[in-house]
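Subject: The structure I promised you

Hi,

Here is the structure we talked about. Have a look at it first, then read my notes below.

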Amino acid sequence: MPTSRQKRSEVPIEQQWDLTALFSSHTEWEKELNAVIKDVNQITHFKGKLTENAKNLRDGLTTLENYQNRLILAATYASLRSSADGSDSANQRDSARVASAMANIGAKLAFVQNELLSLTKTQIERFMEEEPQLRHFSKMLTDTLENKAYTLSPDVEEVLAALSEVHDAPYMLYERSKSSDMQFDDIMDGDGKKQPMSAALYEDRYEISADTVVRRAAYDSFIHTFEQYKNTIAANYATEVTRQVTIAKLRGYDSVTDMLLHSQQVTKEMYHNQLDIIREELAPHMRRFAKLKKEKLGLSEIRYCDLEAPLDPSYNPETTFEDAGKLIQDALQIMGSEYSDMVQTALSERWVDRADNIGKATGAFCSSPYGAHPYILITWTNAMRGAFVLAHELGHAGHFYLAGKNQNLMNTRPSTYFIEAPSTMNEMLLANHLMQTDDKKKKRWVITQLLGTYYHNFVTHLLEGVFQRRVYNLAENGTPLTADVLCAERYDVLKSFWGDDVKIDEGAGLTWMRQPHYYMGLYPYTYSAGLTVSTLASQAIIKEGQPAVDRWLDVLKSGGTLKPLELIKKAGIDMTDANNIRKAVAHVGSLVDELGASYE
């Protein structure tokens, strides 16, 4: 293990993503950004006459689509550089430039939605008959009509668009604080040696360490730093919640939840089912898992910070990035040659940024700009668990790679309700591949990795969703969202799920500060929705083989052309049936049963 974290300039080139697929050089990016800022006039040329006739609408929307594609590439380049090193002043400057440009451009383009809203369904249908190419934009036009009741006057919409940089500020401030300002105390390992500590190292290495001394020391350092920032981050998050609540009221929604679910095209019943059924029915299974972990690790008590410790420290395989890639490729062969070729290219042609360096964003993500290939950020630590994280992000990459090849820019992205299904599907397939062994220890390890996936999505993110629901209720009832209030709510959510089977310390209440998801609307609960879908769909693939694979690939290629319910039905799953959620939870229970039986 290194004694200190490296600077970005010290990272070997093969561990960095190659951004030349976006722009050949930073100079070329700057030229394009300046051109994009200037070329917005190509769109504003249509102001006041966009919907005069079918030809104007066709030409205007085609010009807009081409322009937005350029804008996405320019913004993605700056975002990826900032994610790789948010401490670099040049990257901070470029991110600020893009944010300012996006706000200005958004204000200038606000007229597009306003003028589209003047159209009736009958007019749209007539225009499509006159200009068949307009069917290319049918989803965009339909979605606009559905938003009509919640759209404000053109002047107000333009003002809101002009303030987008201000609206996005809470998320930017959170990310900037976490990547650049938060400093974590070094920790001492069991041998008395000092080890470096960072948010990324905690989440990717120490939290899952088999060494109880190291794991708990890292948690203490993690919480100690969060304690120092809690009031500032709480004020920042409260600002974000106030922004969302205020906009919901302005637009005439009954609640902020209604507004956020409207954009996801999800009913409140579907939303509450995910949170309530899993929270209530999964808790007994996960408490049994915690008790088993406490017993096998020989702990006098299992603490919140011990929940992700490996069940069997004697079997904690490591792997290189290259070997993990080969394993993933083998597991995903069932998806067919097009998908497999994409995975091989991603791993060999530097679509993945895997180094740990100062200023790098924590966690993992996949960015998939239309017109270029996806990019994956991960911090590789040689732990075999990383193979599941990498497979997960490659699932996002495969999804948008296929959607991008088969759909236009306006139709690539489905509801966030579905977004985590393709990613967790890859984890299911990797686990199934690894389970084909007679090695009892290996099979037990694989089950624990699967339970880790369910813990991540059905517990960690689901309980974030439960916490988030409480926060919105408090805000709409006028309760100030102070650090103490947020910590108390987070603590109570954790305590109610784990009961007395896990020791929930006061510091656990600070863990609402870990995730940026709260700045992304109702995103946390969608992890559980996606995993519910992938659990059932992967079981169909294992049972049926090619027919189920073909259905799944068809879903991925559909992109955002369908609403989530219809999209998921193409995979053979009805998410209005709450029993499907119960089936997924029962599967988790069966994994806990199988794990416990393996020790008998």
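Let's start in a loop: Q265 sits between helix 12 (256-264) and helix 13. Helices here (H or I, at least four residues) and strands (E, at least two) are DSSP runs, numbered from the N terminus. Before going on, a word on the source: this is a predicted model, where local features need pLDDT of at least 70 and side-chain atom pairs count only at pLDDT 80 or more, while totals for chains, interfaces and linings use all residues. Residues are numbered from 1 along each chain as its sequence is written, and side-chain values use heavy atoms, with hydrogens and water left out.

Back to the backbone. Most residues other than glycine have a negative phi. Q265 has a phi near 60 degrees, which is a positive value in a residue other than glycine. N382 also has a positive value, with phi near 70 degrees, and N382 is in the loop between strand 5 and helix 16. Are they buried or exposed? The cut-offs are under 20% relative accessible area for buried, over 50% for exposed, and partly exposed in between (1.4 Å probe, protein chains only). Q265 has 24% relative accessibility, so it counts as partly exposed. N382 is partly exposed too, because its relative accessible area is 32%.

Now the sheet

Follow the chain back from N382 and you can find an open sheet of three strands, in the order 3-5-4 with mixed pairing. Strand 3 (352-353) and strand 4 (365-367) are at the edges; each has a single partner strand, so one side of each has no neighbour in the sheet. Two strands pair here if DSSP finds at least two bridges between them. Strand 4 and strand 5 (residues 375-377) run antiparallel and are joined by three bridges, and C366 stands opposite I376 in strand 5. Helix 16 (residues 385-406) packs on this sheet and touches strand 3, strand 4 and strand 5. Its direction makes about 25 degrees with that of strand 4. Contact means heavy atoms within 4.5 Å; the axes are lines fitted to C-alpha atoms, for helices over the stretch in contact, and angles run from 0 to 180 degrees between N-to-C directions.

Salt bridges

How many salt bridges are there? The count comes to 41, where a salt bridge is a side-chain nitrogen of Lys or Arg within 4 Å of a carboxyl oxygen of Asp or Glu. Here are some to click on:

- D276 and R279 form one, with the closest N and O atoms 3.3 Å apart. Both are in helix 13 (residues 268-297), three residues apart, or about one turn of the helix. D276 is partly exposed at 23% relative accessibility, and so is R279, at 26%.
- K291 and D501 meet through their side chains at 3.5 Å, N to O. This pair links distant parts of the chain: K291 is in helix 13, and D501 is 210 residues away in the loop between helix 19 (483-498) and helix 20 (526-544). K291 is partly exposed at 47% relative accessibility, and D501 is partly exposed at 24%.
- K296 and E295 form another, with the closest N and O atoms 3.4 Å apart. K296 is partly exposed at 33%, whereas E295 counts as exposed at 54%.
- E30, R93, D94 and R97 are joined into one network by salt bridges that share partners.

Two of those network residues turn up again around H26, in helix 1 (residues 26-39): H26 touches Y77, R81, R93 and D94, leaving out residues up to four places away in sequence. H26 is partly exposed, with a relative accessible area of 22%.

Inside and outside

Which residues does T51 touch? Leaving out residues up to four places away in sequence, they are L57, E115, L116, S118, L119 and F127. T51 lies in the loop between helix 2 (41-44) and helix 3 (54-84), and it counts as buried because its relative accessibility is 18%.

On the surface, V159, L163 and V166 form a nonpolar patch with about 250 Å² of accessible area together. Patches are made of residues with over 30% relative accessible area and no salt bridge; like charges are joined within 9 Å, and nonpolar side chains (Val, Leu, Ile, Met, Phe, Trp, Tyr) within 5 Å. The areas come from the Shrake-Rupley method with a 1.4 Å probe, and for residues only the protein chains shown count as cover. V159 is in helix 7 (residues 154-162) and is partly exposed at 48%.

Cheers
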